[in-house]
Structures are given as C-alpha cells and as structure tokens.
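Let's look at this structure together and ask how each label is earned. Have a look at the sequence and the picture before we start.

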Amino acid sequence: PIGCPIACAWPLTPPVRCCADGKSWAYASRIDHTASMGSGIGPGECSAVLLPDGRVFVAFRITGGQPLWSAFSHNFARTWSDPVPLKGTPGVPYAVWPQLKLLSNGVLVLASGRPGIGFWVAPTANPENATWIGYDVQAQHTEHLPSDPWTSADGTTSYTGIAEPEPGVVLLAYDKIGKNRVGNIQKVYSVRITVSSSEVPVTY
C-alpha cells in the first residue's frame with residue numbers, strides 16, 4: 001500500500017508497516033552485496049523516500065571512503081533494481097549513513113559524508129541516473145562562523161541529520177571533532193539551507 005511508511009535497518013532491510021500507527025512491521029526485502037560493489041562491509045546504513053511517481057528510492061552505505069549506492073523499487077520495497085553508485089558534481093556523494101529528504105516543494109536532497117560533510121540536491125524529481133549537485137558544508141561553516149573555522153586539525157564523524165522546518169528550508173545538523181575523529185570535544189552544529197528549486201543554487 002502506497003500510504004504505508006517504510007523503514008531501513010542493518011543489514012539493509014526495509015520493512016513495510018502492516019498496521020495503523022506503525023505499531024507492527026512486516027519484513028519486505030533485502031539488498032545484498034554484489035560483486036560490482038567490490039570489497040567492504042556491504043549494504044547498510046540506508047535511507048529511503050517515496051518518490052512522486054510511486055517508486056521507492058533508497059541510498060545506502062557500502063563502506064567509509066566509498067561512494068553511496070542506490071536502488072529503486074516499483075512495488076513498495078518487495079523487489080529492487082540492480083544497485084548502482086550515486087554520481088555527483090563536484091565529486092560524488094560519500095559514504096556513511098545518508099539522509100534523504102523529499103521536500104514539500106518537490107526537491108530531493110541528501111546529506112552524507114566521510115570524507116567531510118556533503119549536502120546534495122537531485123537535479124530533477126527523478127533521481128535515476130542523476131548527477132547530484134554537491135555543496136561543501138565545511139567551507140560554508142568557515143564562511144558563516146569565522147570564530148570557529150574548519151581547519152586541517154578538525155574532523156567529523158560525517159553523520160548528519162536533516163529536517164524541513166519550513167517549506168523549502170533544510171535544517172542540517174553535523175558534528176565537528178578532532179582530526180581522524182579523535183579528541184575530547186565534539187561540537188554539534190546546525191545550519192539552515194534554503195532550497196528553492198533544483199535549478200537554483202542553495203543559500204545558507
């Protein structure tokens with residue numbers, strides 16, 4: 001049923017809700033490791049959205065330092081297309097727990113990282129074979145918070161969170177820690193990003 005939500009778990013298992021209010025869940029399917037993915041821990045740390053055309057789009061981690069992969073389902077997560085890596089410019093979307101969000105204005109966005117922190121916008125409402133448009137969150141951090149700039153001594157776990165507090169506005173949360181994810185102080189920041197359309201650059 002299209003009205004039901006889905007959830008992802010580790011390993012990559014998106015179940016379908018089977019009763020009201022999400023109190024019970026039924027197993028739907030799993031995306032397994034394929035030879036084309038190479039070495040690594042395999043599919044995990046996933047995020048899924050229901051697209052306007054009724055398909056489910058899922059993005060997921062293979063391993064740190066490698067591009068995110070994705071797949072589509074035409075039958076609400078019962079079966080999946082062959083997984084493929086995401087494409088982007090500049091660079092490609094990396095690498096740990098992606099955060100997908102279909103905004104109320106129809107724009108599909110993605111937050112991810114490792115290395116670094118990336119914010120990505122799909123060029124169209126259909127992300128199939130799309131080249132995602134990337135934005136450098138660390139550079140924006142330094143520009144807007146010169147009192148705590150991002151330097152070569154800083155690092156991040158690259159785990160993020162996103163929400164849409166207002167139409168077309170993304171609230172992106174991320175962390176800042178010592179290089180190589182070590183240190184005694186871990187700071188958490190959030191930034192408001194306006195995404196008016198897929199054709200117009202975002203503003204912070």
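Q: What makes a charge count as sitting over a ring?
A: NZ of Lys or CZ of Arg has to be within 6 Å of the ring centre and within 35 degrees of the ring normal. Keep in mind that we are looking at a predicted model.

Q: How do you know that the charged end of Lys176 sits over the ring of Trp150?
A: The charged end of Lys176 is 5.8 Å from the centre of the Trp150 ring. The cut-off is within 6 Å, so the distance fits. The charged end is also listed as sitting over the ring.

Q: Why is the pair of Phe57 and Trp132 called stacked?
A: Two numbers help here. A pair of aromatic rings is described by the distance of the centres and the angle of the planes. For Phe57 and Trp132 these are 6.3 Å and 20°. Centres within 6.5 Å make a pair, and planes under 30 degrees apart count as stacked, so the name fits.

Q: What does the pair of Phe57 and Trp132 tie together?
A: Phe57 lies in strand E4 and Trp132 in strand E11, so the pair ties together parts that are 75 residues apart in sequence. Phe57 and Trp132 are both buried. Together with Phe72, they form one aromatic cluster.

Q: What makes Tyr174 and Tyr189 a stacked pair?
A: Their ring centres are 6.0 Å apart and their planes are at 25°. Set against within 6.5 Å and under 30 degrees, both values pass, so this pair is stacked. Tyr174 lies in strand E14 and Tyr189 in strand E15, so parts 15 residues apart in sequence are tied together. Tyr174 and Tyr189 are both buried. In total, the structure holds 4 aromatic pairs.

Q: Why is Trp120 called buried?
A: Trp120 has a relative accessible area of 6%. Buried means under 20%, so Trp120 qualifies. Trp120 belongs to strand E10 (residues 117–121).

Q: What makes E10 a mostly covered strand?
A: Of its 5 residues, 5 are buried. Ile117, Phe119 and Val121 point one way, while Gly118 and Trp120 point the other way. This pattern can be set beside a general rule: in a regular strand the side chains alternate between the two faces of the sheet.

Q: How do you know that E9 and E10 pair?
A: Two strands pair if there are at least two bridges between them, and 5 bridges join E9 to E10, so they pair. These strands run antiparallel. For example, the bridge partner of Ala111 in E10 is Phe119. The hairpin of E9 and E10 has 3 residues between the strands, and Arg114 takes a positive phi near 80° there.

Q: How do you know that E10 pairs with E11?
A: There are 4 bridges between E10 and E11, against a minimum of at least two, so they pair as well. E10 and E11 run antiparallel, and Phe119 has Tyr135 as its bridge partner in E11. The C-alpha atoms of Trp120 and Gly134 are separated by 4.5 Å, though these residues are 14 residues apart along the chain.

Q: What makes E3 and E6 edge strands?
A: They belong to an open sheet of 4 strands in the order E3-E4-E5-E6, with antiparallel pairing. E3 and E6 each pair on one side only. On its paired side, E3 is joined to E4 by 6 bridges, and one bridge partner is Val56, which stands with Leu50.

Q: Which residues are closest to the centre of the largest pocket?
A: They are Ser70, Phe72, Val84, Glu128 and Asn129, out of 16 lining residues. This pocket has a volume of about 220 Å³, and E5 and E6 each give two or more residues to its lining. By class, the lining has 8 nonpolar, 4 polar and 4 charged residues.

Q: Where does the lining of the second largest pocket come from?
A: E9, E10 and E11 are the elements that give two or more residues. This pocket has a volume of about 190 Å³. Among the residues closest to its centre is Trp120.

Notes:
Residues numbered from 1 in each chain as written. Predicted model: local features only at pLDDT ≥ 70, side-chain atom pairs only at ≥ 80, totals over all residues. Heavy atoms only, no water. Phe/Tyr/Trp six-rings, centres within 6.5 Å; stacked < 30°, edge-to-face > 60°. Buried < 20%, exposed > 50% of the residue type's maximum accessible area, 1.4 Å probe, protein only. 1 Å grid on protein atoms, 1.4 Å probe; cavity = no way out; pocket = protein on both sides within 12 Å on 5 of 7 lines; lining within 4 Å. Points joined across faces, edges and corners; volume = space filled by probe spheres on them. Nonpolar A, V, L, I, M, F, W, Y, C, P; charged D, E, K, R; others polar.
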